[in-house]
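Me: I'm new to reading protein models, and I'd like a close look at a single part of this one. Could you take me through it slowly?

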Amino acid sequence: MAWSRYQLGLAALMLLTGSINTLAAKWADNFSAPGCGGTEEHGFQHPFLQAVGMFLGEFSCLGVFYLLVWRDRRRPEPSTALAQPFNPLLFLPPALCDMTGTSIMYVALNMTSASSFQMLRGSVIIFTGLLSVAFLGRKLELSQWLGILVTIVGLVVVGLADLHSSHGQRHKLSEVITGDLLIIMAQVIVAIQMVLEEKFVYKHDVHPLRAVGTEGFFGFLILALLLVPMYYIPAGSFSGNPRRTLEDALDAFCQIGQQPLIALALLGNISSIAFFNFAGISVTKEISATTRMVLDSLRTLVIWAVSLAVGWETFHGLEILGFGVLLTGAALYNGLHRPLLARLPRHGEESGEAAEREGLLHGDSTAINSDS
């Protein structure tokens, strides 16, 4: 069945905004500008402030949700599903995980390439699968275990590509290794977030935009308050600001004043995460969860292609191989092979659709806010 223009628009919006989200964050990291008090020019390395901006983007999804509620109530027969009551504190534990994982990933993005950053995030299915077995009592199918194994192989290939390509990049080898390990570590926290959401949140049938916005509110509020003690906590060589503290938000704003393009990059990051979550939820609703997974994988290719085009990275064949292996692992884990097998001549259309639904129910592992 051919997609409508609306469905094509949603798919394009998800692919575009998902790619912009990572590229805008990396673009901001690549800028250098003087800081406060006439300090010399230095790189814009403010991962925690960037994470605050990302949560602001997620928080804005609450505005979209209430706009939908307002429009729904103007109809002759309003839907009660949009505004079902729930306890917002249910989202606090997942939000804390999201806040921690996102902050670690923004730190890692300062140390490695945008394409490797996006590819290594695929390791989340390894930890999600293992934690779902341990804490949710789920039994993984053979294809899912195979998907986890293939993903591990893909991570090794991407890691090797990073080691080989680091010599021609502005990042030191030690930074690249540290950044890659931090990304994988962050996926453990993201997997915990997914398990918490499935165990305590999904059963309340909260609208996805409301869920994203509520987690964004908690993340924005808590991390914004934490910027104050971070201003005084020494971080040594781990820090990228002149005062060598964990985060220096004042230095960040001074750099933005000196180089306005940083503000444009941050605005792109904030707005893209909001549109990406909206588009992702809409793609799942209007098309399928399988399509959302495929689009999410394709944006890795877009990020890699743009990074090559603007000179942020150099071409390395191992990255293509690693991306293909990771894509295969994700497809196996999420049951993408089921509808393909169901289209063989011996199977009818009805059985194919049933197989796809079954595969997604047992294999699709996507956090409510799938890009944080």
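What is the torsion about the S-S bond of cysteine 36 and cysteine 254, and why is the disulfide right-handed or left-handed?

Reply: Happy to help! Please keep in mind that this is a predicted model. The torsion about the S-S bond of cysteine 36 and cysteine 254 is about 90 degrees, so this disulfide is right-handed. Look next at where the two partners sit. Cysteine 36 belongs to the loop between β1 (32–33) and β2 (42–43), while cysteine 254 is part of helix α10 (residues 249–258), so the bond ties together parts that lie 218 residues apart in sequence.

Now for the bond itself. From S to S, the distance between cysteine 36 and cysteine 254 is 1.9 Å. A pair of cysteine sulfur atoms counts as a disulfide when they are within 2.5 Å, and by this rule the count for the model comes to one disulfide.

How covered are these cysteines? Cysteine 36 is partly exposed, with 28% relative accessible area, and cysteine 254 is also partly exposed, at 27%. The cut-off helps here: a residue is called buried under 20%. Cysteine 61, at 1%, is buried, and cysteine 97 counts as buried too, with 13% relative accessibility.

It helps to place this bond in its surroundings. The protein has 15 helices and two strands. Of its 372 residues, 51% count as buried. Among contacts between residues at least 6 apart in sequence, 80% join residues at least 24 apart.

There is another kind of link to find as you turn the model. Side chains of opposite charge can pair when their charged atoms come close. The structure holds four salt bridges, and one of them joins arginine 299 to aspartate 296, with 2.6 Å from N to O. Arginine 299 and aspartate 296 are three residues apart in helix α12 (residues 289–309), so about one helical turn separates them. Here arginine 299 is buried, at 1% relative accessibility, whereas aspartate 296 is partly exposed, at 25%.

Another salt bridge pairs arginine 243 with aspartate 248, whose closest N and O atoms are 3.8 Å apart. In this pair, arginine 243 is partly exposed, at 38%, and aspartate 248 is buried, at 4%.

To come back to your part: find cysteine 36 in its loop and cysteine 254 in helix α10, then follow the right-handed disulfide between them.

Terms used
Residues are numbered from 1 along each chain as its sequence is written. This is a predicted model: local features need pLDDT of at least 70, side-chain atom pairs count only at pLDDT 80 or more; totals for chains, interfaces and linings use all residues. Side-chain values use heavy atoms; hydrogens and water are left out. Helices (H or I, at least four residues) and strands (E, at least two) are DSSP runs, numbered from the N terminus. Buried means under 20% relative accessible area, exposed over 50%, partly exposed in between (1.4 Å probe, protein chains only). Contact means heavy atoms within 4.5 Å. A salt bridge is a side-chain nitrogen of Lys or Arg within 4 Å of a carboxyl oxygen of Asp or Glu.
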